[in-house]
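Subject: Structure for you to look at

Hi there,

Here is the structure I promised to pass on. Please have a look at it first, and then read my notes below.

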Amino acid sequence: MRSLCFLPILFSCAANTPTATTLPFNASTVGGPVSNQRAELFVPPGAGPFPAVVVLHGCDGVGPHYRDWARRLRAWGYVAILVDSFRPRGVSQTCNHGMVVPPQWQAQDAFGAAEYLRGLSNVRADRIGVIGFSHGGWAVMKAV
């Protein structure tokens, strides 16, 4: 499973116009696994550079299922960044109320996280993809 052919979009050349709802990603907002920061970074061992995947959670927010996916991607040799699109906006979940945090906002977060990844020396800037679940899958479709 070295190549993730199911990734619906690559962020290698994506242009993005930030909006007021875009979350910033930087050294103070990105932490390690289970740090509960705006984004959690999962890095495989070694020097890299590695391909990377932006992981977008579902309507229930960041939890064990999405962290398991980030760990799995790390084990496969990818840097994974799990983005929390809800808590920074004061939302815990959007199940049955998906427009509380519209998928366009989560899509913008994915572009912001990809831009952050491009600035890391251990990430291949030309090999960044995205995977989303439930609400995050809807966001991936909006990003496309």
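**Salt bridges**

Asp109 and Arg89 form a salt bridge, and their closest N and O atoms are 2.8 Å apart. Asp109 belongs to helix H2, while Arg89 sits in the loop between E4 and H2, so this pair ties together parts that are 20 residues apart in sequence. Both partners, Asp109 and Arg89, are buried. Before I go further, please keep in mind that this is a predicted model.

In total, the structure holds six salt bridges. Another of them joins Glu40 and Arg67, with 2.7 Å between the closest N and O atoms. Here strand E2 supplies Glu40 and helix H1 (residues 64-75) supplies Arg67, so the bridge ties together parts that are 27 residues apart in sequence. Buried or exposed, what is Glu40? Its relative accessible area is 2%, and since buried means under 20%, Glu40 counts as buried. Arg67 is buried as well, with a relative accessible area of 10%.

A further salt bridge brings together the side chains of Glu115 and Arg118, at 2.6 Å from N to O. These two are about one helical turn from each other, because they are three residues apart in helix H2. Arg118 is partly exposed, its relative accessible area being 21%.

**Helix H1**

You may enjoy this helix. H1 has 12 residues, which at 1.5 Å a residue should span 16 Å, and its end C-alpha atoms are indeed 16 Å apart. Which residues of H1 are buried? They are Tyr66, Arg67, Trp69, Ala70 and Leu73. Viewed down the axis of H1, these buried residues fall within an arc of 155°, so they line one face of the helix. They pack against E2, E3, E4 and E5. Pro64 and Ala75, on the other side of H1, are exposed. After H1 comes Gly77, which has a positive phi, near 95°.

**Nonpolar cores**

The largest nonpolar core is made up of 26 residues, and Phe25, Val54, Leu56, Ile81 and Leu117 have the most contacts inside it. Two or more residues are given to this core by each of strand E2 (39-42), strand E3 (50-56), E4, H2, strand E5 (123-132) and helix H3 (135-143). Which element provides the largest share? That is H2, with seven residues. There is also a second, separate core of 12 residues, which includes Val55, Trp69, Tyr78 and Phe133. Trp69 is thus worth a look from both angles, as one of the buried residues of H1 and as a member of the second core.

**Asp84**

One last residue to look up is Asp84, which is placed in the loop between strand E4 (79-83) and helix H2 (103-118). With 4% relative accessibility, Asp84 counts as buried. Its side chain makes a polar contact of 2.7 Å with the side chain of Arg87. What does Asp84 touch, leaving aside its neighbours within four places in sequence? The residues in contact with Asp84 are Leu23, Gln37, Arg38, His57 and Val62. The loop that holds Asp84 is also where Arg89, the partner of Asp109, is found.

Do write back once you have had a look around.

Best wishes

How values were computed:
Residues numbered from 1 in each chain as written. Predicted model: local features only at pLDDT ≥ 70, side-chain atom pairs only at ≥ 80, totals over all residues. Heavy atoms only, no water. Helix = DSSP H or I, 4+ residues; strand = E, 2+ residues; numbered from the N terminus. Buried < 20%, exposed > 50% of the residue type's maximum accessible area, 1.4 Å probe, protein only. Polar contact = N/O pair within 3.5 Å; in protein donor to acceptor, adjacent residues only side chain to side chain. Contact = heavy atoms within 4.5 Å. Core = buried A, V, L, I, M, F, W, Y, C linked by side-chain atoms within 4.5 Å. Salt bridge = Lys/Arg side-chain N within 4 Å of Asp/Glu carboxyl O. Expected span 1.5 Å × (residues − 1). Arc of directions from axis to C-beta.
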